[in-house]
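The exercises below are to be worked through with the sequence and the coordinates at hand. Each task is followed by a solution that proceeds in steps.

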Amino acid sequence: MKAKYTAVLKFALLSFVALAAPVGAAEPATQVNVALLDMSSLMGPGLGAAMMGGGWGVWGMMGNGQGMMGMGAMTVRADHAMVKAGPMHFSVSNWSRAVVHEMLVVAVNSPDAPLPYDYNAGKVPEDRVKSLGEVAEMKPNESGSLDVTLAPGTYLLLCNVPGHYAAGMWTALTVTQ
Ligand SMILES: [Cu+2]
């Protein structure tokens, strides 16, 4: 009785090991960590929210007339500029204290070529670019993730909240063979 029980247990353990073993398992995803940043990310709580909430007009009148845009105050930062083709796991954090941001993955021919732009909406028209997925609108301090398989090529990680792409809120990601 006891021996039989042990045998059953052994069989169960072996089955479990067999199931857990990577038999033809898909290659592990490359982890890409992305931070979405703006001026408010630099400031203390309160102050950042006040500036971003009520201070837009002031920022807009500063300097070269482009305001925050010319100052490059909205950015996308990724911990990889180059990754090998295959499955990717994007872990995206909105580090803003005051502003909703998002991250789209868009395939492009050249990282330097401007994307089509809808001036009225202040956005990249998503039906006119090759978007492979997104982590949509994240509130300040929210995080999200996106799993997508990328072929070799050039991609932009961009925020398409109105005005943000034009404010410089994008970065390039090169995917190699
Ligand atoms: Cu944004």
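**Exercise 1.** Which residue in S9 stands opposite Thr-154?

*Solution.* The model is a predicted one, and the search begins with the two strands concerned, since their pairing fixes the register to be read. Strand S8 covers residues 153-158 and strand S9 covers residues 170-176, and the two pair in the antiparallel sense over six bridges. Following this ladder, one finds Thr-174 in S9 opposite Thr-154, while Leu-156 has Ala-172 in S9 as its bridge partner.

**Exercise 2.** Place the S8-S9 pair in its sheet, and state the order of the strands.

*Solution.* On the other pairing of S8, five bridges join this strand to S5, and the two run antiparallel; here Leu-104 has Leu-158 in S8 as its bridge partner. Extending the search gives an open sheet of five strands, ordered S3-S9-S8-S5-S6, in which the pairing is mixed. At its edges are strand S3 (82-84) and strand S6 (130-138), each of which pairs on one side only. From one strand to the next, the twist averages 20°.

**Exercise 3.** Describe the sheet of four strands, and explain what sets its edge strands apart.

*Solution.* This sheet is also open, with the order S2-S1-S4-S7 and mixed pairing. Strand S2 (75-78) and S7 each have a single partner strand, so one side of each is left without a neighbour in the sheet. Neighbouring strands are turned by 25° against each other on average, with direction ignored. Within the sheet, S1 and S4 run parallel and are joined by seven bridges, and Val-32 has Phe-90 in S4 as its bridge partner.

**Exercise 4.** Which residues have the most contacts inside the largest nonpolar core, and which elements contribute to this core?

*Solution.* The core in question has 29 residues, and those with the most contacts inside it are Val-76, Met-103, Leu-157 and Leu-158. The elements that give two or more residues to this core are strand S1 (30-37), strand S4 (86-94), strand S5 (101-108), S6, strand S7 (143-150), S8 and S9. Taking Leu-158 as a worked case, and leaving out residues up to four places away in sequence, one finds that this residue touches Val-76, Leu-104, Val-106, Val-124, Tyr-165, Met-169 and Trp-170.

**Exercise 5.** Is Asn-141 buried or exposed, and what is notable about its backbone?

*Solution.* The residue is first located: Asn-141 is found in the loop between S6 and S7. Next comes the neighbour count, which gives 12 C-beta atoms inside 10 Å, and therefore Asn-141 counts as exposed, the cut-off being 12 or fewer. Finally, phi of Asn-141 is near 70°, which is a positive value in a residue other than glycine. Most residues other than glycine have a negative phi.

**Exercise 6.** Summarise the protein as a whole by its elements, its burial and its contacts.

*Solution.* The protein has three helices and nine strands, and from the N terminus on the elements run α-β-α-α-β-β-β-β-β-β-β-β. Buried residues make up 26% of the 177 residues. Among contacts with a separation of 6 or more, 79% are accounted for by residues 24 or more positions apart.

Definitions and conventions:
Residues numbered from 1 in each chain as written. Predicted model: local features only at pLDDT ≥ 70, side-chain atom pairs only at ≥ 80, totals over all residues. Pairing = 2+ DSSP bridges. Axes fitted to C-alpha atoms, helices over the stretch in contact; angles between N-to-C directions. Core = buried A, V, L, I, M, F, W, Y, C linked by C-beta atoms within 7 Å. Buried ≥ 20, exposed ≤ 12 C-beta atoms within 10 Å, placed from the backbone. Contact = placed C-beta atoms within 7 Å.
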